[in-house]
Protein chains: 2
Amino acid sequence: MPQISERGKLMPSSPIRKLVPYAEEAKRKGVKVYHLNIGQPDIKTPVKAIEAVKNIDDKVIKYSHSAGNETYRRKLTNYYQNLDINIDHNDMIITTGGSEAISFALLSCLNPGDEIIIPEPFYANYNGFAVSAGVVVKPITAKIENNFALPSVNEFEKLITPKTKAIVICNPNNPTGYLYSKEELEELRDVVKKHDLYLISDEVYREFCYDGNKHFSAMNLEGIENNVILIDSVSKRYSACGVRIGVMITKNKEIISTAMKFAQARLCPPYLGQVLAEAAIDTTDEYFEEVYNEYIERRNFMVNALNKMEGVVCPMPKGAFYTVTKLPIDDSDKFCKWMLTDFTYKNQTVMLAPATGFYSTKGLGKNEVRVAYVLKIEDLKKAMEVLEQALEEYPGRTV
Amino acid sequence: MPQISERGKLMPSSPIRKLVPYAEEAKRKGVKVYHLNIGQPDIKTPVKAIEAVKNIDDKVIKYSHSAGNETYRRKLTNYYQNLDINIDHNDMIITTGGSEAISFALLSCLNPGDEIIIPEPFYANYNGFAVSAGVVVKPITAKIENNFALPSVNEFEKLITPKTKAIVICNPNNPTGYLYSKEELEELRDVVKKHDLYLISDEVYREFCYDGNKHFSAMNLEGIENNVILIDSVSKRYSACGVRIGVMITKNKEIISTAMKFAQARLCPPYLGQVLAEAAIDTTDEYFEEVYNEYIERRNFMVNALNKMEGVVCPMPKGAFYTVTKLPIDDSDKFCKWMLTDFTYKNQTVMLAPATGFYSTKGLGKNEVRVAYVLKIEDLKKAMEVLEQALEEYPGRTV
């Protein structure tokens with residue numbers, strides 16, 4: 001029997017995935033499991049967007065253009081122009097989710113063995129895309145004491161080698177909920193410019209910025225127009241994760257023409273998802289206000305509830321719908337597993353994401369978990385009650 | 001401005017793509033262009049499959065399982081069992097088109113620098129997936145004089161090195177339309193077994209076998225159950241190229257668990273396409289008979305028309321809906337471009353795919369083109385008339 005590949009062995013298996021069988025087992029036993037481990041919101045997809053798919057009159061579901069339907073790309077241009085991101089429909093390639101946009105960026109810009117710097121904790125799947133592309137991740141640790149703000153320029157400078165080709169950021173951040181300020185991004189711009197790096201900016205949570213904070217896109221950083229690659233997706237914006245429609249945007253024509261070759265090899269992004277995504281651009285402000293109000297309520301409730309628990313420290317996130325929280329525990333992998341296998345409270349338990357999966361530096365995240373506030377407030381209330389009880393009973397409690 | 005990657009530069013740009021702007025220009029001038037260059041059939045997608053999408057009652061378009069919806073995988077198992085391919089729903093990962101299935105297979109099984117042997121002419125995008133995965137393609141030439149039959153075992157043996165990890169076949173073949181016999185596949189099996197290679201078998205044209213010939217799947221080759229990876233797709237079977245739903249199947253559990261890590265990193269295949277593909281499994285035999293009769297008529301007409309032209313040699317394809325045809329021309333790239341830029345007949349012309357793009361060996365395919373019989377018979381008739389005239393007028397005619 002032939003051997004699987006080295007990169008196949010290197011491919012990380014996320015700590016959340018490892019917990020899934022335990023959650024399933026708990027459910028089989030009749031335990032109610034509150035899922036605060038996932039980025040799948042319970043918010044409805046805009047009705048008109050779903051209707052657009054239900055109203056198609058295509059007789060043949062054909063390949064679309066490899067860069068995505070031109071009607072969709074043209075309309076998407078308006079969406080970005082309303083945000084003062086001035087691009088045209090040839091500056092973008094519609095991708096199969098934000099995932100493929102990241103892969104195209106790495107494949108087009110980096111050689112195997114090249115390095116990317118990513119502030120950690122970071123979206124765990126960046127590791128997977130890096131392994132697929134043969135690229136080495138160099139983490140730079142953001143600290144919970146600083147609410148996970150951008151590490152200083154000095155810290156970045158220390159990590160830069162001749163092999164460093166790109167910095168990857170996620171803004172607003174998954175998993176921390178941190179929103180980078182314009183000033184932080186300008187500091188990053190200076191580093192990018194000085195060392196002529198690529199800046200890959202994942203902004204899929206753009207619509208989720210709270211407390212009057214405005215999102216500043218890396219696309220609007222002056223002086224590095226040819227270095228910035230924007231990663232975007234409709235998954236979170238319209239609660240349409242399953243359509244798998246994202247986009248890679250850059251003003252750098254050479255990157256677009258290179259990425260197009262990868263796009264052509266895989267033929268096209270999903271047609272039906274593009275129909276939904278195109279219609280979703282007309283989603284009303286009322287929809288977003290309702291979603292915004294819902295998340296604000298959930299966030300405020302959850303963060304307050306967490307901070308009231310003894311030994312728990314939870315920064316107030318300014319964006320996205322996650323927070324990384326410090327718990328009085330010895331080992332987040334053990335604790336999250338224990339919650340599913342050895343603990344119930346009133347026949348309920350909570351599934352959380354161990355933060356270890358979001359750090360690249362070994363040993364970090366052992367007393368942190370990512371909590372997603374993607375459930376309705378009644379469920380969040382019960383989940384917090386369960387979590388508080390679990391922390392009291394957990395044998396590995398540290399404080 | 002930072003440099004793009006070496007693999008980005010290496011990524012091939014297909015000769016067909018290069019012709020697209022010329023075809024667009026011809027159309028702008030009012031010339032009718034018959035597209036025999038593409039694999040996009042004009043056959044209708046089964047009505048009930050499209051209806052399934054139009055009838056969804058989902059309120060949230062959620063992520064599906066990373067391996068694809070379990071209902072779809074279970075139902076797909078029945079489809080394969082009806083073909084005597086005995087697998088269960090855990091032996092498969094639903095992918096974003098056959099394209100992603102090939103990528104997962106290469107990433108999971110091969111290291112950068114490893115070699116794959118592919119009989120040429122072959123589906124041009126295999127080159128792209130190979131470059132993405134850092135894998136080296138070693139072509140083995142199938143000859144038009146033999147109707148593009150499988151090259152002999154000796155020819156394979158000559159190419160095998162310690163770096164050879166897999167053989168890739170496409171059966172029925174795109175671009176040649178050749179259908180491998182059970183005997184040919186058993187010879188290949190012996191090579192695969194002897195050298196403990198992977199056999200990656202792309203069978204997306206399975207439903208298109210003519211003249212009473214039966215398709216024999218590599219999944220049913222005895223003694224190499226753990227070496228075979230089946231690549232499949234609903235694109236051609238149900239004329240639903242745009243849904244981007246494929247599947248990677250293998251009985252090798254280690255490959256499945258490795259590929260699952262790549263599948264999890266990109267979250268899931270498109271949900272809406274899965275709904276369509278699941279419903280499509282119930283497509284009636286009448287649909288396939290109608291499609292079959294249509295293709296047989298087109299093939300017979302086209303191959304006969306080609307062989308009647310002076311200096312043209314066209315093998316009779318036994319499967320798929322393509323043929324690679326020898327023309328009395330000096331250079332297929334030049335000829336195909338000339339047809340679009342310098343020639344019209346009654347204000348019409350034909351777009352063909354230069355065969356150079358399907359050969360990895362430099363210089364091959366210069367007097368061959370791939371012709372796809374994906375247009376209705378009236379259009380094919382006109383296209384053949386135009387092609388005959390073009391061959392008479394072409395300044396680079398060789399005979």
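## A two-chain model, from one loop to the whole interface

A:Ser239 sits in the loop between β7 (228-233) and β8 (246-249) of chain A. Its phi is near 45 degrees, a positive value in a residue other than glycine. Keep in mind while browsing that this is a predicted model.

**Backbone details worth a look**

Chain B offers two cis peptide bonds to inspect, one from B:Asn171 to B:Pro172 and one from B:Asn174 to B:Pro175. B:Pro172 belongs to the loop between β5 (164-170) and α8 (182-195) of chain B, and B:Pro175 is likewise found in the loop between β5 and α8 of chain B. Here they are side by side:

| Peptide bond | Form | Omega |
|---|---|---|
| B:Asn171 to B:Pro172 | cis | near -5 degrees |
| B:Asn174 to B:Pro175 | cis | near 20 degrees |

**The fold of one chain**

Stepping back to chain A, you will find 13 helices and 12 strands. Its C-alpha atoms fill a box of roughly 60 × 55 × 55 Å along the principal axes. How does the radius of gyration of chain A agree with that of a compact globule? For 399 residues, such a globule would have a value near 21 Å, and chain A has 21 Å, so the two agree.

Over all chains, the salt bridges come to 40. One of them joins A:Lys165 to A:Asp114, with the closest N and O atoms 3.0 Å apart. This pair links distant parts of the chain, as the partners are 51 residues apart: A:Lys165 is in strand β5 (residues 164-170) of chain A, while A:Asp114 is in the loop between α5 and β3 (115-120).

**Where the chains meet**

Now for the interface itself. The size of an interface is often given as the accessible area lost when the parts come together. Chain A and chain B bury about 6200 Å² between them, and 57% of that area is on carbon and sulfur atoms. The contact draws 77 residues from chain A and 77 residues from chain B.

Which kinds of polar interaction turn up here? Between chain A and chain B there are 46 residue pairs in polar contact, with both residues at pLDDT 80 or more, whereas zero salt bridges are found across the interface.

Several helices of chain A supply at least two residues each to the side that touches chain B, namely α1 (6-10), α3 (47-54), α5 (97-109), α6 (125-133), α9 (253-265) and α10 (271-280). The largest share comes from α9(A), with seven residues. By residue type, the side of chain A that touches chain B divides into 37 nonpolar, 24 polar and 16 charged residues.

**How the copies are related**

Two copies of a chain are related by a rotation about an axis and a shift along it. In this model, a rotation of 180 degrees with 0.0 Å of shift along its axis superposes chain A on chain B, at an RMSD of 0.0 Å. The two copies are therefore related as by a two-fold rotation axis. The same surface serves both copies, with 100% of the contact residues of chain A recurring in chain B.

Which residue of chain A comes closest to the rotation axis? A:Lys54 does, with its C-alpha at 2.0 Å. If you would like a starting point for viewing the axis, A:Lys54 marks the closest approach of chain A.

Note on methods:
Residues are numbered from 1 along each chain as its sequence is written. Chains are lettered from A and ligands numbered from 1 in the order in which they are written. This is a predicted model: local features need pLDDT of at least 70, side-chain atom pairs count only at pLDDT 80 or more; totals for chains, interfaces and linings use all residues. Side-chain values use heavy atoms; hydrogens and water are left out. Contact means heavy atoms within 4.5 Å. Buried area is the accessible area (1.4 Å probe) that two parts lose on being put together, summed over both. A salt bridge is a side-chain nitrogen of Lys or Arg within 4 Å of a carboxyl oxygen of Asp or Glu. A polar contact is a pair of N or O atoms within 3.5 Å; within protein, one must be able to donate a hydrogen and the other to accept it, and residues adjacent in sequence count only if both atoms are side-chain atoms. Helices (H or I, at least four residues) and strands (E, at least two) are DSSP runs, numbered from the N terminus. Ala, Val, Leu, Ile, Met, Phe, Trp, Tyr, Cys and Pro count as nonpolar, Asp, Glu, Lys and Arg as charged, and the others, Gly among them, as polar. Copies are superposed by least squares on the C-alpha atoms of residues with pLDDT of at least 70 in both. The radius of gyration is taken over C-alpha atoms; the globule rule is 2.2 Å times the number of residues to the power 0.38.
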